[in-house]
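Reader: I am in my first year and still learning how to read a model like this one. Please choose a single part, look at it closely, and explain how it sits among its surroundings.

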Amino acid sequence: MSITERISTSPDGTHADQSPAQRFREVRELTDLLSARLSAEDQTPQSMTEASPAKWHRAHVTWFFEEFILRRDPSYTVYDETYRYLFNSYYEAVGERHPRPDRGLVTRPGVDDITHYRNYVDGAMEDVLTRGALDDDALDLLELGCNHEQQHQELLLMDIKHLFSTIPLSPGPVYVDRDPDTPTSTGPTTWRSVSGGITEIGAAPGVGFSYDNESPRHRVFLEDFEIAERAVTNADLLEFMADDGYRRHEFWLSDGWATIRQHGWDAPGYWRFDDGEWTTFTLSGRRRVELGEPVMHVSFYEADAFARWSGARLPTEFEWEAAACALGSQRGELLDPDRCHPGMAGAAMIGDVWEWTASAYLPYPGFVPANGAVGEYNGKFMSDQHVLRGASAITPRGHERPTYRNFFPAPSRWVFAGLRLAR
């Protein structure tokens, strides 16, 4: 039985047909399956400050369950007290932690040690779940921990892709791409009208899981607008490049213009001009750029510049959510190591790439972080970042929803991020 068959969610992504134990087990199994494709040498290095080693991701998500659920029981024996320092990410309330830029220098504990750690924590979690020993607060933390691990499944693939791209001789396929279910048209952009007015935005209380940054649900006023019926494609971006888009300052924000000049960007991330054609690096190795695929690995600056060049703009996150709810948001298949580009089903807005919006990452009106360390999960990062909406080809199924607020700094390009136009 394939992992695609084994992991399922209810239509609204609430996992209503799963017990907490099943939910926990299946999320953990997917992480193990993804990392099984990587050698110990693959899992140890850190290719840039923003990325983390695969080994660290595997340990950090395990530490989350140990720290926030298992440690609540005074009788629980911690696996290794030093792991609290090594694998805490940014929770100040928990204590000191190893500097993020140095995660790739930690050769010990090794990959086998991290596997033993995962197995130890999994066994303890299975025990408390089998005994029904978790109260409602702990079950809420369990669901948060499962979603947290799904985030890191995507981050693991983002980071390993960046690492592999730095190898002088491109490695062979590790995960196998396939074409999107519905190839995107390379023809002219078509538009869908969306009526404005007072619109409710954010996660509705009691309807499945959502992060705290998706709440409270609140009202915004939108003017009537139009949104593109497809994401911007590689063909579109090549037209921008052919028109000297990367060399014409009039399309760029000041910070963006300084950034592309500093780094010498003249094409999306992972692109390279080889033997007269553009190629891109993927999780299945380097291949030619396919014109009909959504462009990805562009920064917010590039997305904004392309929109200006097009005579359009990026949608706000509120426009994006209103349009997604109006047009539907059905996704394709679950992330599978053999099928890393599930694509979209029909004309959905949630599919192959996260989409940059024009919105800064800020709290919704009335937002209050949760008490304790888990209150540091999202709120403390609401500064100098931009919101992305949708999902990417490597987002685990069931982890996407129209209200999801992803966020990254404007220069970020290793994210599986593209854009959709509005006007």
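Author: What follows begins with one helix and then moves outward to the parts around it.

This is a predicted model, in which local features need pLDDT of at least 70 and side-chain atom pairs count only at pLDDT 80 or more, whereas totals for chains, interfaces and linings use all residues. Residues are numbered from 1 along each chain as its sequence is written, and side-chain values use heavy atoms, with hydrogens and water left out.

The part to look at is helix 10, which spans residues 300-309. Helices here are DSSP runs of H or I with at least four residues, strands are DSSP runs of E with at least two, and both are numbered from the N terminus. Helix 10 is mostly covered, since eight of its ten residues are buried, where buried means under 20% relative accessible area, exposed means over 50%, and partly exposed lies in between (1.4 Å probe, protein chains only). The buried residues are F300, Y301, E302, A303, D304, A305, F306 and A307. Among the elements that cover these residues are helix 8 (234-242) and helix 9 (254-263), together with strand 8 (354-360) and strand 9 (386-390).

The stretches on either side of helix 10 deserve a careful look at the backbone. H297 is placed in the loop between strand 7 and helix 10, and its phi is near 65°, a positive value in a residue other than glycine. Most residues other than glycine have a negative phi, and most peptide bonds are trans. H297 has a relative accessible area of 1%, so it counts as buried. After helix 10 comes G311, whose phi is also positive, near 80°.

Side-chain packing ties helix 10 into something wider, because a nonpolar core is a set of buried Ala, Val, Leu, Ile, Met, Phe, Trp, Tyr and Cys residues joined through side-chain atoms within 4.5 Å. The largest nonpolar core has 89 residues, and of these Y175 and L419 touch the most other members. At least two residues of this core come from each of several elements, including helix 10, helix 8 and strand 8. Helix 7 gives the most, with eleven residues. From L419 one can see how helix 10 is reached, for in the list of residues that L419 touches (contact means heavy atoms within 4.5 Å) stand A303 and F306, along with V295, V298, W354 and W356, when residues up to four places away in sequence are not counted. A second, separate core has 14 residues, including A323, A324, M349 and Y364.

Going back along the chain from helix 10, one meets a small group of strands. Strands of a sheet pair through backbone hydrogen bonds, either parallel or antiparallel. Here three strands form an open sheet in the order 5-6-7, with antiparallel pairing, and two strands pair if DSSP finds at least two bridges between them. Strand 5 (271-274) and strand 7 (285-288) are the edge strands, each pairing on one side only. The twist from one strand to the next averages 35°, with axes that are lines fitted to C-alpha atoms, for helices over the stretch in contact, and angles that run from 0 to 180 degrees between N-to-C directions. Strand 6 (residues 277-282) is joined to strand 7 by four bridges, and T279 stands opposite R288 in strand 7.

The loop between strand 5 and strand 6 holds D275, whose phi is near 50°, a positive value in a residue other than glycine. D275 has a relative accessible area of 84%, so it counts as exposed, whereas H297, as noted above, is buried.

Finally, for a view beyond this neighbourhood, the structure holds 31 salt bridges, each a side-chain nitrogen of Lys or Arg within 4 Å of a carboxyl oxygen of Asp or Glu. One of them joins the side chains of D122 and R28 (2.7 Å, N to O). Because D122 lies in helix 6 and R28 in helix 2, the pair ties together parts that are 94 residues apart in sequence. D122 is buried at 14% relative accessibility, and R28 is buried at 2%.
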